[in-house]
Amino acid sequence: MNHFQKRPFPYEDIVNLTRPVSSTHPPMPTADRAAQFAPFAALTNYHDAIREATRFTDEKRELDEHAKSLLNEKLQHLQQKVHTAPRITVRYFLPDTKKAGGAYITTTGFLKKIDINHHEIILQNGISIPFDDITEIGDS
């Protein structure tokens, strides 16, 4: 039979041979053998970097004098009621830790303290919000 003729079963001459075993090298553990076929990421963290670069943030908007005055009145009113731990809703700007800008967040909780020295509101759940980042305060 020449090499252009089809064999009835390809590789029939080697199919039933025993697998060669090295006399000098011990067999590789199965876990290591599987690891050599694991996917390889040449650009480690590339997709995370792309996702981070395309993530949008908001710019912090400055309040006008009228809005600042209203917030100041609400803070003074809350200062008088702080001992009753009123439930309030606060909308504020949270700066992003990784890039310029941030996000506007709305949270609801019970007022724990208004810290005049550090210029922040502290809620009972541990959230502290700087006065300068607050855009709205409402009763819940």
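This passage describes the salt bridges, selected residues and largest pocket of a predicted model.

The model is a prediction, in which local features require a pLDDT of at least 70 and side-chain atom pairs count only at pLDDT 80 or more, whereas totals for chains, interfaces and linings use all residues. Residues are numbered from 1 along each chain as its sequence is written, and side-chain values rest on heavy atoms, with hydrogens and water left out.

Five salt bridges are present in the structure, a salt bridge being a side-chain nitrogen of Lys or Arg within 4 Å of a carboxyl oxygen of Asp or Glu. Side chains of opposite charge can pair when their charged atoms come close. One of these bridges joins Arg51 to Asp48, with 3.0 Å between the closest N and O atoms. The two residues belong to helix α2 (residues 46-54), where a spacing of three residues places Arg51 and Asp48 about one helical turn apart; helices (H or I, at least four residues) and strands (E, at least two) are DSSP runs numbered from the N terminus. Arg51 is exposed at 53% relative accessibility, while Asp48, with a relative accessible area of 43%, is partly exposed; the classes are buried for under 20% relative accessible area, exposed for over 50% and partly exposed in between (1.4 Å probe, protein chains only).

A comparable spacing occurs in helix α3, where Glu65 and Lys68 are three residues apart and thus separated by about one helical turn. Their side chains meet in a salt bridge with an N to O distance of 3.9 Å. Glu65 is exposed at 60% relative accessibility, and Lys68 is partly exposed at 38%. Elsewhere, salt bridges that share partners join Glu52, Arg55 and Asp96 into one network.

Within that network, the bridge between Asp96 and Arg55 has its closest N and O atoms 2.5 Å apart. This pair links distant parts of the chain, since Asp96 lies in the loop between β1 and β2 and Arg55 in the loop between α2 and α3, 41 residues apart. Arg55 itself is partly exposed, its relative accessible area being 30%. The loop between β1 (87-95) and β2 (102-115) also holds Lys98, an exposed residue with a relative accessible area of 65%. When neighbours within four places in sequence are left aside, Lys98 is in contact (heavy atoms within 4.5 Å) with Glu52 and Arg55. The C-alpha atoms of Lys98 and Glu52 are separated by 8.6 Å, although these residues are 46 positions apart along the chain.

Glu120, in strand β3 (residues 120-123), is buried yet has no salt bridge, and the nearest side chain of opposite charge, that of Lys113, is 7.3 Å away; for this purpose Lys and Arg count as positive and Asp and Glu as negative, with His and the chain ends not counted. Apart from neighbours within four places in sequence, Glu120 is in contact with Lys113, Ile114, Asp115, Ser128, Ile129, Pro130 and Phe131. Strand β2 contains Thr107, which is buried at a relative accessible area of 12%. Beyond residues up to four places away in sequence, Thr107 touches Ile88, Thr89, Val90, Tyr92, Leu123, Ile127 and Ile129.

Positive phi values in residues other than glycine were found at two loop positions, described here in turn. Ala85, which is located in the loop between α3 and β1, has a phi of about 50 degrees and is partly exposed, with a relative accessible area of 22%. His119, in the loop between β2 and β3, has a phi near 55 degrees.

The largest pocket has a volume of about 270 Å³. Of its 15 lining residues, Leu63, Lys68, Phe131, Asp132 and Ile134 are the closest to the centre. On a 1 Å grid over the protein atoms alone, a pocket is an open set of points, as opposed to a cavity, where a 1.4 Å probe fits but cannot get out; a pocket has protein on both sides within 12 Å along at least five of seven lines, and lining residues have an atom within 4 Å of a point. Grid points are joined across faces, edges and corners, and the volume is the space filled by probe spheres set on the points. Helix α3 (65-81) and strand β5 (134-139) each supply at least two lining residues, and the largest share, four residues, comes from α3. By class, the lining has seven nonpolar, two polar and six charged residues, where Ala, Val, Leu, Ile, Met, Phe, Trp, Tyr, Cys and Pro count as nonpolar, Asp, Glu, Lys and Arg as charged, and the others, Gly among them, as polar.
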